[in-house]
Amino acid sequence: MKANRVIGALLGAALLFFAVGAYLSNEPASKTDQGRIMIIVAFVFGFLMVISNATAGSKAAKSIPASPVQPVCPTCKKPIQADYQVCPYCATTLQRHCPSCHKEVGPDFKVCPYCGTNLPNA
Ligand SMILES: [Zn+2]
Ligand SMILES: [Zn+2]
């Protein structure tokens, strides 16, 4: 993608130089109506190619995809999977589930708030 943009920008610049060079030259062909239209078309097309490729490149450079939020262990700060229930590095309990109703409960809850079951100590 990047190489394509550079080539596009270079082609556009070449068209610009061609148009300006043809305009400045004393070739009789560049003094006819058709020659002038060709020069204007080459100039505009080259200009658009340079602009579009230059802005596309800068846009791509600016929009660096934000890294997804990586959950970390609250104790050892190591990266963990969101569905881990216990940290594999330091054995911290990350999520607890009620053994009776299987809903998620807080790590320091003593009783399940959903069904009232006594929870085993962490
Ligand atoms: Zn940990
Ligand atoms: Zn429960």
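Student: What counts as a helix or a strand here?

Tutor: Helices are DSSP runs of H or I with at least four residues, and strands are runs of E with at least two. By that rule the protein chain of this predicted model has 2 helices and 2 strands.

Student: In what pattern do they follow one another along the sequence?

Tutor: The pattern reads α-α-β-β. Helix 1 covers 2-24 and helix 2 covers 33-62. Strand 1 is 96-97, and strand 2 is residues 104-105.

Student: What is the mean pLDDT of the chain, and which element has the lowest value?

Tutor: pLDDT is the predictor's confidence in each residue. The chain has a mean of 81, and 86% of its residues reach 70 or more. Among the elements, helix 2 has the lowest mean, 77, while strand 2 has the highest, 86.

Student: How is burial judged, and what share of the residues is buried?

Tutor: Burial is judged by counting other C-beta atoms within 10 Å: 20 or more is buried, 12 or fewer is exposed, and the range in between is partly exposed. Of the 122 residues in the chain, 9% count as buried.

Student: Which residues make up the largest nonpolar core?

Tutor: In soluble globular proteins, nonpolar side chains tend to be buried together. Here the largest nonpolar core consists of 5 residues: Leu15, Ala19, Ile39, Ala42 and Met49. Helix 1 and helix 2 each supply at least two of them, and helix 2 gives the most, with 3 residues.

Student: Taking one core member, what is alanine 42 in contact with?

Tutor: With neighbours within four places in sequence left aside, alanine 42 is in contact with Leu15, Phe18 and Ala19.

Student: Where else do distant parts of the sequence approach one another?

Tutor: C-alpha separations give two examples. Phenylalanine 17 lies in helix 1, and its C-alpha atom is 8.7 Å from that of glycine 46, 29 residues apart along the chain. Alanine 56 belongs to helix 2; its C-alpha atom and that of arginine 5 are separated by 7.8 Å, with their positions 51 residues apart along the chain.

Student: Why are phenylalanine 17 and alanine 56 classed as partly exposed?

Tutor: Phenylalanine 17 is partly exposed because it has 13 C-beta neighbours inside 10 Å. Alanine 56 is partly exposed because 16 other C-beta atoms lie within 10 Å.

Student: What share of the contacts with a separation of 6 or more joins residues 24 or more positions apart?

Tutor: Such pairs account for 30% of those contacts in the protein chain.

Student: Is isoleucine 80 buried or exposed?

Tutor: Isoleucine 80 is buried, because it has 20 C-beta neighbours inside 10 Å, and 20 is where the buried class begins. The residue lies in the loop between helix 2 and strand 1.

Student: Which residues is isoleucine 80 in contact with?

Tutor: Leaving aside neighbours within four places in sequence, isoleucine 80 is in contact with Pro71, Val72, Cys73, Cys87 and Leu94. Its C-alpha atom is also 7.4 Å from that of glutamine 70, 10 residues apart along the chain.

Student: What about backbone angles in the loops?

Tutor: Alanine 91 has a positive phi of about 65° although it is not a glycine. Alanine 91 lies in the loop between helix 2 and strand 1. Histidine 102, likewise not a glycine, has a positive phi of about 65° and is found in the loop between strand 1 and strand 2.

Student: Are alanine 91 and histidine 102 buried or exposed?

Tutor: Alanine 91 is exposed, because 10 other C-beta atoms lie within 10 Å. Histidine 102 is exposed with 11 such atoms.

Methods
Residues numbered from 1 in each chain as written. Chains lettered and ligands numbered in written order. Predicted model: local features only at pLDDT ≥ 70, side-chain atom pairs only at ≥ 80, totals over all residues. Core = buried A, V, L, I, M, F, W, Y, C linked by C-beta atoms within 7 Å. Contact = placed C-beta atoms within 7 Å. pLDDT = per-residue confidence, 0-100.
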